[in-house]
Amino acid sequence: MGKRVLLIEDEPNIIEAITYILSRDGWDVLSHSNGEDAVEAVAAHAPDIVILDVMLPGRSGYDILGDLRRGEATAELPIMMLTARGQARDREIADELGATRFMSKPFSNAAVLDAIRDMAIEA
Amino acid sequence: MAHGRSRLPDALAVLPLIGFLIFSVPLIWGGMEIGTATALIYLFWGWFGLCLLTAVLSTIASRRMRPDDPEAGAPDP
Amino acid sequence: MTILNSLVAIALIYVVLLFLIAFVAERLAVRGRGRWLRSPLVYTLSLSVYCTAWTFYGAVGYAARSGLEFLTIYLGPTLVLAGWWWGLRKLVRIGRSQRITSIADLISSRFGKSNALAVIVTLMAVIGTTPYIALQLQSVTLAVSVFTGGIMAGADPRGAPDAQSVAAMVALGLALFTILFGTRNLDANERHHGVVIAIAVEAVVKLAALIAVGVFVVWELSGGIGPTLARIEASPISEWNVSPGRWMGLTFVAAAAFICLPRMFQVMVVENADERHLAVAGWAFPLYMLAMSLFVVPITVVGLDLLPAGANPDLFVLTLPLSQGRDGLAFFAFIGGFSAATSMVIVAAIALSTMVSNHIVMPIWLRFQGEGASVSGDVRHMVLLARRISIAGVVFLGYLYFRLSGGGSALAAIGLISFVGVSQFLPALIGGLFWHGATRAGAIAGLLVGFFLWVYTLLLPSLASDAQFVAGLLDQGPLGQGWLDPQALFGISGLDPLVHALVWALTLNALVFVLVSLVTTPDPIERLQGAQFVRVFDRSANAPGWSRSAAESEDLLIMAQRIIGPQEAQRLFQAESARQGLQGYLPDTTPEFINRLERELSGSVGAATAHAMIAQIVGRASVSVEDLMAVADESAQMKEHSTQLEAKSEELARTARQLRRANDKLTELSRQKDAFLSQISHELRTPMTSIRAFSEILRDGDGDPGQTGKFAGVIHDESQRLTRLLDDLLDLSVLENGQVTLNLRDGRLGQVLDHAQGAATAMGDDLRVRRERAREDVALHTDLDRLSQVFINLIANARKYCAAPRPELRIDVHTEGDAVVIDFIDNGAGIPADKQNVIFEKFARVGSDQAAGGAGLGLAICREIMTRLGGSVSYLPGQEGAAFRVILPLRAQMAAQ
């Protein structure tokens, strides 16, 4: 049983792609597709790593990130932000809010895999 | 002309007073020997005269009432 | 029995004829071809509801008992009409400008829109009018009994076995007619064309009938004018012995009643279409009354001469021709009396039902309804229902009174008693119209005192023969206090009972009204209303009552729709938007607009109720110091100056409003421009992410062989999504640049909707679509494919965004002129007011909704298409959910390209 990754993302096809890539590498992947109760989902599943999309229905990924960083249990949790907007400004915001990694869509599968592996080691 | 115009409302306002006087005349007949037929003829002629007078003054007045006055008439939009 | 049957048949044919006339008039009015329905002549004739059966039959009886005194009933109104310039004109002007619905509404509106006052006036009017309606029913039954039972019948109308059923039938028919034609339109100011024209016809019939009998009596029975005059001289009523007190008093009472009677107020003020009609009615109606009374004395004298001693003079108009074997003429006279009775009941029922429903039923109903904006259901249906029930109630009350009262003479006296009763409104009315200082407290106190004294000194004694208690009261005074004798207050006896009651009630009424007004101060709204009434001819006396408030325009629209109907309300709001230089249906809620809206609403439910309903949404009306200053300021020069300033500042305000809106929109657009890049990036990158990820998996060849087909499928779908997005962008750009060619074809709206519904719900049928296919049968000449594209978009939007548990879309079609209007209304949460402006912009979406899979271009494309087709699509606020209105010309103009 590998480490647990929680993927918070609303596009079904992207969920399927990332799940496929990571599970093949031995990760245990859970997904959640709503922004509103994402913080609760993190608390419930207690993942080792979180992949968080910025544009989610119900709530922005940045807000969720902020909440998680303020939470005691999740202050140090490795979180990778994903965004399709791809502007420099988005990366800055993610850094300020304390994202561990930042990745813009579209990404190469190898880059995602590398980033997750790195985060698992750093943690 | 402007002078005459300003007099018209006054003339119209006096009409009911004239009517009141016409219709009050029979009251002073109390003791006199005046029969119903005479009274009838007097009242109806007086009444008719008042109608005529009102008709004349009102027709002049209504011509002067502004036809474009939105409050006065003209079907609602 | 056969004669009864032919009477019933004649009356029935006559009533059917009236129905037809009223119906045709309504039809013409709807089609806008009824201008002549509103001529001065029709107005004048409609005033003849003043001449009821009481005057048609009763004038002769009156003359037989008291000689020429009956003339006072007509002379009073003649004086009022001769003075139309300074009295009635003001009343009618106020009635029109304040959208007054009844006399109760007028008094209530003048004294600060007080509902308490309206209720008092309404109750007094009902008490004063019910016996009068009973009197009309009695006159019909009496007339019938003469035909069936012979000339000497009619002493006791209830003796005839058919009397009850005749009265019941008449009451039922009248209630039906009144409900049918009196409650077609809700807005009392929309006027009842059918009723008014029917009343005018009845006016002609009753006059013709009376003159026919008169001509018969003078030229056939008496042999000309000279012999007739001689006969008068020789008759028992030859002597002139009119008491001056009664002569003056009755003239005055008749004049007062002419203004204050609810039915007269209805035809004279509420139904008035043009102030200038008064200039004709001012002399023409006195002439009508003159003609009505011309032959009264000859008929009386000849009747007393020829008919047996015990014959009821109240029925000479019928019995005289009958006794001479002139049955045809008698039938005609019967129809004349029937006309007089029915027209009174119809108009009185309309007037009273308006008061009862506006001032008693609606306020009670609203109290149980809670907050204004959340008023549930259609208020219009409630108001109409209340009015219909009130009409039935009023007529039934009259019938009940007829059955329970002693009949005969007790009822005959009620005409004048009723006149004295309603004339108690006079002090409040005149004071309200001409005196700034009149206050609500004064009006209430005066009315109550006058009403009490009227009941005590006139109504109770009139019932004396029926009640032991009253008889005792008349003999010894209450508790043996002789000075409280109802017919000799403070021991002042010897006066005629009617004059006695009139003098006491009206004098004390007026005195209390003035005294209480002097010691009380009016509240600000009263003061403003007072200024608007007293100075109605000053154009600038347009006092605002509402402070600028944060009232939601949409809440007001929702309420207005429920009261005056969606189309009327939308037209009103759109016109106001245009006046403010804005687009759409939601104008700024300026005090002027709220005032105008309140006045429109009061045309339907009365001033007090309209004020209360608006107050629930806007909050309490507050009056600023400036408003009061404006009222206090009497200087004409200042007014002139301030009018100019007002016009200028209004123009400035309008420009500022336009600039503010433009600026808001620019800011919003610029923000959207920034968002645009980010959005388009997002829309393109999302499908590309899936494509890249899965194509890498396939390229590396390390995919599960069983899943390669599935992965290829995802890549295919996502590349199609990309293509769709690019297509939409290109489509929009083509449309915006006007390079599109339209493919105009003939088709039917229903088919286009069928096609669109099929295409939009192909992916799932969780959305229930409600349509009324009969109304969709509209021939179109337009680009059917483009139109279908718009419909698909709107239906798909409802499917995607309507969040109701059981999503439902209503497609409502109606034609307006040469355009067809198609409303798409769902039952979801709707779109918040601040977003309604931007939803038609590119990439504008409400909330974040990638789940819906659209790029936010759909509505922008729809709007462009509709512009090309010469129509429009807009958001329709104030419906139960999100609502879009598509307006399409039936034939697309080629020039629109």
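## Two parallel strands in chain C

Let's start with a pair of neighbours in this predicted model. Strand 2 of chain C runs parallel to strand 4 of chain C, which covers residues 808-816, and four bridges join the two. You can find individual partners across the pair: C:Arg768 stands opposite C:Glu808, while C:Val769 has C:Leu809 as its bridge partner.

The two faces of strand 2 of chain C are worth a look as well. C:Val769 and C:Arg771 make up its covered face, and C:Arg768 and C:Arg770 make up the uncovered one.

## The sheet around them

Now zoom out a little. Strands 2 and 4 of chain C belong to an open sheet of five strands, in the order 2-4-5-7-6, with mixed pairing. At its edges are strand 2 (768-771) and strand 6 (872-875) of chain C, each pairing on one side only. From one strand to the next, the twist averages 20 degrees.

A helix lies across part of this sheet. Helix 33 of chain C, residues 749-760, lies across strand 2, strand 4 and strand 5 (819-826) of chain C. Its direction is at about 175 degrees to strand 2 of chain C.

## Chain A and its own sheet

Chain A has 123 residues, and 52% of them count as buried. Its secondary structure comes to five helices and five strands, and along the sequence they follow the pattern β-α-β-α-β-α-β-α-β-α. Among the contacts in chain A with a separation of 6 or more, 60% come from residues 24 or more positions apart.

The five strands of the sheet in chain A have the order 2-1-3-4-5; this sheet is open, and its pairing is parallel. Strand 2 (28-32) and strand 5 (101-104) of chain A are the edge strands, each pairing on one side only. Neighbouring strands here are turned by 20 degrees against each other on average, direction ignored. Five bridges pair strand 1 of chain A (residues 4-8) with strand 2 of chain A in the parallel sense, and A:Arg4 stands opposite A:Asp28 there. Helix 2 of chain A (residues 38-45) lies across strand 1, strand 2 and strand 3 (49-53) of chain A, at about 170 degrees to strand 1.

## Two helices packed side by side

Back in chain C, helix 26 (residues 553-564) and helix 28 (residues 591-605) pack with their axes 10 Å apart, at an angle of about 25 degrees. Angles under 35 degrees count as roughly parallel, so helix 26 of chain C is roughly parallel to helix 28 of chain C. The crossing of helix 26 and helix 28 of chain C is left-handed.

Which residues make the contact? Helix 26 of chain C contributes C:Leu556, C:Met559, C:Ala560, C:Ile563 and C:Ile564. From helix 28 of chain C come C:Ile594, C:Leu597, C:Glu600, C:Leu601, C:Ser604 and C:Val605.

## A residue that touches chain B

C:Glu233 lies in helix 11 of chain C, residues 225-234. Is C:Glu233 buried, exposed or partly exposed? Its relative accessibility is 38%, so it counts as partly exposed.

Leaving aside neighbours within four places in sequence, C:Glu233 is in contact with B:Gly35, B:Thr36, B:Ala37, B:Thr38 and C:Ser238. C:Glu233 and C:Val301 are 68 residues apart in sequence, and their C-alpha atoms are 9.4 Å apart in space.

## Unusual backbone spots

Most residues other than glycine have a negative phi, and most peptide bonds are trans. With that in mind, here are three places to look up.

The peptide bond from A:Lys105 to A:Pro106 is cis, with omega near -10 degrees. A:Pro106 sits in the loop between strand 5 and helix 5 (109-122) of chain A. A:Ala46, in the loop between helix 2 and strand 3 of chain A, has a positive phi near 45 degrees. C:Lys113 also has a positive phi, of about 55 degrees, and its place is in the loop between helix 7 (103-110) and helix 8 (115-149) of chain C. A:Ala46 is exposed, with a relative accessible area of 53%, whereas C:Lys113 counts as buried at 14% relative accessibility.

## Cysteines and disulfides

A disulfide is a covalent bond between the sulfur atoms of two cysteines. How many turn up in a search of the whole structure? The search finds zero over all chains. Two cysteines to look at are C:Cys51, which is buried at 0% relative accessibility, and C:Cys862, which is buried with a relative accessible area of 1%.

Methods: Residues numbered from 1 in each chain as written. Chains lettered and ligands numbered in written order. Predicted model: local features only at pLDDT ≥ 70, side-chain atom pairs only at ≥ 80, totals over all residues. Heavy atoms only, no water. Pairing = 2+ DSSP bridges. Axes fitted to C-alpha atoms, helices over the stretch in contact; angles between N-to-C directions. Contact = heavy atoms within 4.5 Å. Disulfide = S-S within 2.5 Å. Buried < 20%, exposed > 50% of the residue type's maximum accessible area, 1.4 Å probe, protein only. Parallel < 35°, antiparallel > 145°, perpendicular 65-115°, else oblique. Left-handed = near helix turned anticlockwise from the far one by under 90°.
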